[in-house]
Amino acid sequence: MKFEVLDDKYLFFTNKNYSLEEEGDISTFLKDMFLIINEIYSLELFGYFKVDIFIDEKIGVFVEISKLDDYISYGKKIDTKVIINRNNFYFKTNDLSLIYQYEPIYRKDNYYYVSTKDVDNVLDLLDFCEIDYRVNEFDLKL
């Protein structure tokens with residue numbers, strides 16, 4: 001589990017796999033996440049937030065939380081607009097020797113990328129490569 005505050009965005013990561021197939025699952029996940037942020041990181045959030053959830057079965061869940069408004073509805077401290085993305089994550093590196101055995105290898109802006117779906121044991125690359133959860137396969141070149 002990891003939590004960062006960047007400018008006007010909060011980033012939350014958990015490697016725990018959650019089943020976010022139904023609305024109740026999403027609601028439980030969000031409640032747990034906001035409780036963790038409040039209790040462990042001592043940050044009490046309130047208002048209306050855009051919550052982008054990025055899911056990869058092999059890596060976990062990245063969440064970007066952006067405040068949209070200070071609006072608070074009656075009886076609620078937090079209200080959310082949720083967007084769920086179920087794309088594969090990519091390992092990003094500038095050292096081709098780390099990922100040469102995996103195929104296909106993509107390129108973009110002097111970096112090499114390999115999809116997590118093409119890596120049998122993602123733990124082999126976690127310490128040496130950056131995880132890019134926002135990049136899309138269509139943005140990359142073979």
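This note reviews the charged side chains and one nonpolar surface patch of a predicted model.

1. Overall count. Searching the whole structure gives seven salt bridges. Side chains of opposite charge can pair when their charged atoms come close. The points below take up several of these pairs and then turn to a charged residue that lacks one.

2. Lys2 and Glu4. These two residues form a salt bridge, with 3.2 Å between the closest N and O atoms. Lys2 is partly exposed, at 46% relative accessibility. Glu4 is likewise partly exposed, its relative accessible area being 30%.

3. Lys50 and Asp52. A salt bridge joins Lys50 to Asp52, and the closest N and O atoms are 3.6 Å apart. The two partners fall in separate accessibility classes: Lys50 is partly exposed, with a relative accessible area of 29%, whereas Asp52 is buried at 7% relative accessibility. Asp52 counts as buried because its value is under 20%.

4. Lys67 and Asp70. The side chains of Lys67 and Asp70 form a salt bridge with an N to O distance of 2.8 Å. Lys67 has 37% relative accessibility and is therefore classed as partly exposed.

5. A linked set. Salt bridges also connect Lys9, Glu64 and Arg134 in a network.

6. Asp56, a buried acid without a salt bridge. Asp56 belongs to strand β3, which covers residues 47-56. What is the nearest side chain of opposite charge to Asp56? It is Lys58, at 7.2 Å. A salt bridge requires a side-chain nitrogen of Lys or Arg within 4 Å of a carboxyl oxygen, so Asp56 has none although it is buried.

7. Polar surroundings of Asp56. The side chain of Asp56 has a polar contact of 2.5 Å with the side chain of Thr116. A polar atom of the Asp56 side chain also lies 3.2 Å from the backbone nitrogen of Ile59. Leaving aside residues up to four places away in sequence, Asp56 touches Asn17, Asn87, Asn88, Phe89 and Thr116. Thr116 thus appears both in this list of contacts and as a polar partner of the Asp56 side chain.

8. Nonpolar surface patch. Met1, Ile40 and Tyr41 make a nonpolar patch of about 290 Å² on the surface. Met1 is located in the segment before β1 (2-6). Met1 is partly exposed, with a relative accessible area of 49%. That value meets the accessibility condition for a patch, because patch residues need over 30% relative accessible area.

Conventions. Residues are numbered from 1 along each chain as its sequence is written. This is a predicted model: local features need pLDDT of at least 70, side-chain atom pairs count only at pLDDT 80 or more; totals for chains, interfaces and linings use all residues. Side-chain values use heavy atoms; hydrogens and water are left out. Buried means under 20% relative accessible area, exposed over 50%, partly exposed in between (1.4 Å probe, protein chains only). Patches are made of residues with over 30% relative accessible area and no salt bridge: like charges are joined within 9 Å, nonpolar side chains (Val, Leu, Ile, Met, Phe, Trp, Tyr) within 5 Å. Accessible areas come from the Shrake-Rupley method with a 1.4 Å probe; for residues, only the protein chains shown count as cover. Helices (H or I, at least four residues) and strands (E, at least two) are DSSP runs, numbered from the N terminus. Lys and Arg count as positive and Asp and Glu as negative; His and the chain ends are not counted. A polar contact is a pair of N or O atoms within 3.5 Å; within protein, one must be able to donate a hydrogen and the other to accept it, and residues adjacent in sequence count only if both atoms are side-chain atoms. Contact means heavy atoms within 4.5 Å.
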